[in-house]
Every structure is written in structure tokens, then in C-alpha cells.
Amino acid sequence: MDLAIIDNSEPGVLSKHLQLVQDVLDYAGQYLQLPAGTEMSVTFVNNPEIRWYNKHYRGLDKPTDVISFAIEDADDDVPINFADDQPVALAKNIGDIIVSVDKIGEQATYLEHSYERELGFLVVHGFLHLNGYDHMISDEAEKEMFTLQREILNSYGLTR
């Protein structure tokens, strides 16, 4: 997984948590058998910033825990030819997720599990949205997404 992690939060995400995000998303990418060069980004913000994204892009004037912005490109399978006429395989960028570090702490406390479990849960949740899973479209889709999410987290070792 080619992952860009941007930390715009205050006071900042601990380096061990940044490494956990890299590791769990690498694992999730392997679990879904994504191509090795798959690209995405994770941006960490505080509640006021994620509230702005929600209001601006979703018409929702409140902070949430994670937002996913999937990149859907209909031309993904079209080869690009350069001057030597050889097709070039380009990495697929699946999109971006934005995570509120404030919500990670709030929800970990409320749910009585570790900060690391909540962090892993939210980034895998956003990652699955980027890969076409959507728990909001039907009961079956919700069951499929949450089952897969639980399988990934449990097999990685982030259990409740």
C-alpha cells in the first residue's frame, strides 16, 4: 500500500499510532488482495476541521469520526502508452479518508476499548468505504461490511 499520512491535528498523532495506521492498512490491503501499488491517504484532524468537511461536502453541520472520499475513475483499465509505445501500469489511487483524533479518544472511552482499537476500526472502516463497501445502502451491505471489518481487525490482532 502506498499510503500518505498527513497529520493536521493538535497536538499531533503519536509516531506509534502513525505506524499502526500504516501497518493495519497494509494488512487490510493484503486481506482484500489489492495490487501492491494501491494508493490512498489518511489525514488526521480535530473536531472543528472534520465538522468543516462534513458541512462543506455532506451538508452535515457536526463532527464525525471518519469521512471517506473515494476516487472513482471509469478509465482505470485503459493502458497509457508513452513515446516508446509500451503500455505502462499506473498505481490505482482509491481515495482519501479524514479521521478526527478527538473522536478516536471520545469513542474509545465511551466504548471502553483501547485508543489503538478505535484508531484501527476507523481507518479500516474508511478504507472499506474507499473499496466500494457501504453499510448505509442495505441491511445486507451493512452485514457484509461490518463482518469484513471485524475479520480484518481480529485477524490483525485489534480485538475488542
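Two residues are in contact when they have heavy atoms within 4.5 Å of each other. In this predicted model, among contacts in the protein chain between residues at least 6 apart in sequence, 70% join residues at least 24 apart. The protein chain has 5 helices and 6 strands, and along the sequence these elements follow the pattern β-α-β-α-β-β-β-β-α-α-α. Of the 160 residues in the protein chain, 36% are buried.

**The open sheet and the helices across it**

- An open sheet is built from 4 strands in the order β1-β2-β6-β3, with mixed pairing; its edge strands are β1 (2–7) and β3, each of which pairs on one side only.
- From one strand to the next, the twist of this sheet averages 15 degrees.
- Strands β2 and β6 run parallel and are joined by 7 bridges, and Glu 39 stands opposite Asn 93 in β6.
- Helix α1, made up of residues 15–31, lies across β1 and β2, and runs at about 155 degrees to β1.
- Helix α4, made up of residues 115–130, lies across β2, β3 and β6, and its direction is at about 145 degrees to β6.

**Helix α2 and its two sides**

- Helix α2 covers residues 47–58, and at 1.5 Å a residue its 12 residues should span 16 Å, which agrees with the 15 Å that separates its end C-alpha atoms.
- The buried residues of helix α2 are Asn 47, Ile 50 and Asn 54; these residues cover an arc of only 70 degrees around the axis, which puts them on the same side of α2.
- The spacing of such residues can be read against the general geometry of a helix: an α-helix has 3.6 residues a turn, so residues three or four places apart point the same way.
- On the other side of α2, the exposed residues are Pro 48, Lys 55 and His 56.
- The cover over the buried residues of α2 includes three strands, β2 (39–45), β3 (66–70) and β6 (93–100), together with helix α3 (101–111).
- Just after helix α2, Gly 59 takes a positive phi of about 65 degrees.

**Salt bridges**

- A search of the whole structure finds 2 salt bridges, and one of them joins Arg 51 to Asp 61, with the closest N and O atoms 2.8 Å apart.
- The pair of Arg 51 and Asp 61 links distant parts of the chain, since Arg 51 is in helix α2 while Asp 61 is in the loop between α2 and β3, 10 residues apart.
- Both partners fall between the limits of 20% and 50% relative accessible area that bound the partly exposed class: Arg 51 counts as partly exposed at 37% relative accessibility, and Asp 61 is partly exposed with a relative accessible area of 43%.
- The side chains of Lys 103 and Glu 106 also meet in a salt bridge, at 3.3 Å from N to O; these two residues are 3 residues apart in helix α3, and are therefore separated by about one helical turn.
- Within this pair, Lys 103 counts as buried because its relative accessibility is 17%, which is under the 20% limit, whereas Glu 106, at 39% relative accessibility, counts as partly exposed.

**Backbone features in the loops**

- A cis peptide bond, with omega at about 10 degrees, joins Glu 10 and Pro 11, and Pro 11 is found in the loop between β1 and α1.
- Gln 33, in the loop between α1 and β2, has a positive phi of about 60 degrees although it is not a glycine.
- The relative accessible area of Gln 33 is 72%, and Gln 33 is therefore exposed, the limit for that class being over 50%.
- Glu 112 lies in the loop between α3 and α4, and its phi is near 60 degrees, a positive value in a residue other than glycine.
- Glu 112 likewise counts as exposed, at 73% relative accessibility.

Technical notes: Residues are numbered from 1 along each chain as its sequence is written. This is a predicted model: local features need pLDDT of at least 70, side-chain atom pairs count only at pLDDT 80 or more; totals for chains, interfaces and linings use all residues. Side-chain values use heavy atoms; hydrogens and water are left out. The expected span of a helix is 1.5 Å times one less than its number of residues. Buried means under 20% relative accessible area, exposed over 50%, partly exposed in between (1.4 Å probe, protein chains only). The arc is that of the directions from the helix axis to the C-beta atoms. Two strands pair if DSSP finds at least two bridges between them. Axes are lines fitted to C-alpha atoms, for helices over the stretch in contact, and angles run from 0 to 180 degrees between N-to-C directions. A salt bridge is a side-chain nitrogen of Lys or Arg within 4 Å of a carboxyl oxygen of Asp or Glu.
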